[in-house]
Amino acid sequence: MDNLLKIATDAHGGLNAWNQFESLRASVSIGGALWDQKQLPGLFNNSRVDLKLRQQQVITHLPDIGERIVFTPDQVSLESDRLWDTARYAHRAAIILRRPVR
C-alpha cells in the first residue's frame, strides 16, 4: 500500500505539494438504493463536502434542506441553519439513521 500511496502522491506533485493544502471542497450528488429504501431519495443531491486536512473533520452541507452533518473523531452531529429547528432535526436524524433497510 505504501508504494501505491507514493505513486498517487507523486502523480499529483509530491508530498510537499499536498502539504500546502489545508482543506478540500467538492460539490457532489450521492444517490443509490440505500437512500430510497430508507425513504430519503435525493437527500444528498446537490451536496457540498468540506474536508479540513489538518484536523479530522468533514462537513457535509445539504443546502436543499438547510442542514449539515459534521463528522469529527469525537462526534457526529446534524446541524440546522435554522437554530430553532436543531433539536427537532437531531431527533429526526436519530430515527432515520436507526431505521432498518428492507
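1. A helix here is a DSSP run of H or I with at least four residues, and a strand is a run of E with at least two, both numbered from the N terminus. With that in hand, take helix α1 (residues 2-11): Asp10 and Lys6 both sit in it, four residues apart, which is about one turn of the helix. They form a salt bridge, with 2.7 Å between the closest N and O atoms. Asp10 comes out as partly exposed, at a relative accessible area of 43%. Keep in mind that this is a predicted model.

2. Now the sheet. Strands of a sheet pair through backbone hydrogen bonds, either parallel or antiparallel. Here we have an open sheet of five strands in the order β1-β2-β3-β4-β5, with antiparallel pairing. The edges are taken by β1 (23-30) and β5 (76-80); each has a single partner strand, so one side of each has no neighbour in the sheet. From one strand to the next, the twist averages 20°.

3. How enclosed is strand β3? Five of its six residues (57-62) are buried, so the rest of the structure largely encloses this strand. The cut-off behind that is a relative accessible area under 20%.

4. On one side, β3 pairs with β2 (residues 44-52): the two run antiparallel and are joined by five bridges. Looking for a register check? Val49 has Thr60 in β3 as its bridge partner. The two strands form a hairpin, with four residues between them.

5. β3 also pairs with β4 (residues 67-71), again in the antiparallel sense and over five bridges. Two cross-strand positions to click on are Ile59, which stands opposite Val70 in β4, and His61, which stands opposite Arg68 in β4. The hairpin of β3 and β4 has four residues between the strands, and Gly66 in this hairpin takes a positive phi near 70°.

6. How many salt bridges does a search of the whole structure find? It finds four. As background, side chains of opposite charge can pair when their charged atoms come close. The Asp10 and Lys6 pair in point 1 is a salt bridge within one helix; points 7 and 8 go through pairs in the sheet.

7. Asp50 and Arg25 meet through their side chains in a salt bridge, at 2.7 Å from N to O. Asp50 belongs to strand β2 and Arg25 to strand β1, so the pair ties together parts that are 25 residues apart in sequence. Is each partner buried or exposed? Asp50 is buried, with a relative accessible area of 12%, whereas Arg25 counts as exposed at 59%. Arg48 belongs in this picture too, as Arg25, Arg48 and Asp50 are linked in a network of salt bridges.

8. Glu79 forms a salt bridge with Arg68, and their closest N and O atoms are 3.0 Å apart. This pair links distant parts of the chain, with Glu79 in strand β5, Arg68 in strand β4 and their positions 11 residues apart in sequence. Both partners are partly exposed: Glu79 has a relative accessible area of 30%, and Arg68 is at 21% relative accessibility. Arg68 is also the residue that stands opposite His61, as in point 5.

9. One loop residue to finish. Gly31 is found in the loop between β1 and α3 (33-37). At 58% relative accessibility, Gly31 counts as exposed. Its C-alpha lies 6.6 Å from that of Phe44, though the two residues are 13 apart in sequence.

Methods:
Residues numbered from 1 in each chain as written. Predicted model: local features only at pLDDT ≥ 70, side-chain atom pairs only at ≥ 80, totals over all residues. Heavy atoms only, no water. Buried < 20%, exposed > 50% of the residue type's maximum accessible area, 1.4 Å probe, protein only. Pairing = 2+ DSSP bridges. Axes fitted to C-alpha atoms, helices over the stretch in contact; angles between N-to-C directions.
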